[in-house]
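Here is a friendly walk through one protein model, from its charges and overall build down to a helix and two charged residues. Please keep the viewer open as you read.

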Amino acid sequence: MQPRRFAQLDVFADHALQGNALAVVLDGEGLSAAAMLNFARWTNLSETTFVLPPTAEGADGGADYRLRIFTPAGELAFAGHPTLGSCQAWLNAGGTPRQAQRVVQECAKGLVSIQRSAAAGLEGLAFAAPPLQRSEVPAGVQAQVLAALALQADDLVAAQWLDNGSRWMGLLMRDIEVLPRAQPNAAALRALGIKAGLCALHRPCSGTIAAEPVLEVRGITLTAYGIAEDPATGSLNASLAQWLSAAGHIALPYCVQQGAAIGRAGRMRLVADAQGQIWVQGRVHSVVTGHVVL
């Protein structure tokens with residue numbers, strides 16, 4: 001047991017305490033996976049991360065640090081708000097990347113690039129959406145999930161399995177009025193083992209470029225105890241952007257609003273650079289800094 005640098009941050013919000021909370025242990029060396037999981041259960045946040053030196057392979061690939069990501073139920077290969085939040089915590093604690101405007105994170109999914117500059121029209125931090133595996137959802141499974149959400153077949157436009165290290169069922173709904181009508185049945189969704197990412201096109205957000213579309217999102221996620229609604233989900237939104245833009249449902253760049261159903265105001269922006277790489281951008285706010293004894 002020793003003191004380790006610790007931070008809590010709020011990710012994907014214009015103002016602190018409106019986005020998705022994250023706990024970060026900045027000195028993760030020497031902790032076992034069991035110790036990490038125990039601490040993640042204790043914080044009881046959706047994710048708790050541990051920053052470590054990169055592996056030899058990761059360092060050879062340009063990694064600045066390695067990240068392990070835990071929910072109270074277990075370890076994740078990748079997640080979006082832990083990626084941006086941990087990067088900001090590492091920079092705040094004096095981390096110096098090899099490249100001035102880019103940080104490279106190693107995680108179980110592989111190497112993830114994080115932009116620090118306004119490149120490609122971005123402001124602040126943005127992570128490169130990881131490669132996505134997607135496939136069709138059988139009609140019978142779609143019907144089961146809609147029933148578990150208390151929605152009707154004509155509420156749905158399209159559905160896809162989306163997996164970039166975190167697996168979701170993406171559900172494009174016909175309009176934004178459908179989203180608040182969804183009433184998730186915890187027992188049914190847990191029995192199906194499905195995280196449901198609902199989305200619908202929205203009117204433009206105030207204060208942004210008028211021509212940019214806006215996507216309203218609800219992320220219904222599985223937890224160790226049942227289900228919960230995620231206030232801002234980077235992995236889901238990265239996947240949605242790759243699917244919806246490729247299928248012609250939405251044009252990049254666009255804004256995302258998430259968390260309204262639970263009184264939050266999650267915000268992010270999705271853009272594509274000249275090479276077609278999609279980036280997920282959002283603000284990160286430092287809320288708590290100190291030490292934890294682990």
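The protein carries 21 positive and 22 negative charges, and their mean positions are 3 Å apart. Lys and Arg count as positive here, Asp and Glu as negative, while His and the chain ends are not counted. Each charge is placed at NZ of Lys, CZ of Arg, CG of Asp or CD of Glu.

A word on the ground rules. This is a predicted model, in which local features need pLDDT of at least 70 and side-chain atom pairs count only at pLDDT 80 or more, whereas totals for chains, interfaces and linings use all residues. Residues are numbered from 1 along each chain as its sequence is written, and side-chain values use heavy atoms, with hydrogens and water left out.

Now for the overall build. Six helices and 18 strands make up the secondary structure; these are DSSP runs numbered from the N terminus (helices: H or I, at least four residues; strands: E, at least two). The radius of gyration is 18 Å, close to the 19 Å that the globule rule gives for 294 residues, so the protein is as compact as a globular protein of that length. That radius is taken over C-alpha atoms, and the rule is 2.2 Å times the number of residues to the power 0.38. Along its principal axes, the C-alpha trace spans about 55 × 40 × 35 Å.

Of the 294 residues, 54% count as buried (under 20% relative accessible area; exposed is over 50%, partly exposed in between; 1.4 Å probe, protein chains only).

Helix H3 covers residues 80-92. Because 12 of its 13 residues are buried, H3 is largely enclosed by the rest of the structure. Among the buried ones are His81, Cys87 and Trp90. After H3 comes Gly94, with a positive phi near 100°.

Two charged residues can be set side by side:

| Residue | Place | Relative accessibility | C-alpha separation |
|---|---|---|---|
| Arg218 | strand S13 (residues 214-222) | 9% | 7.2 Å to Glu229 |
| Asp64 | loop between H2 (56-60) and S4 (65-71) | 13% | 7.6 Å to Pro53 |

Contact means heavy atoms within 4.5 Å. Leaving aside neighbours within four places in sequence, the contacts of Arg218 include Leu179, Pro184, Glu229 and Ala261. With that exclusion, Asp64 is in contact with residues including Trp90, Arg98 and Arg102. Trp90, one of the buried residues of H3, thus links this loop residue to the helix in the contact list of Asp64.

Note on methods:
The expected span of a helix is 1.5 Å times one less than its number of residues.
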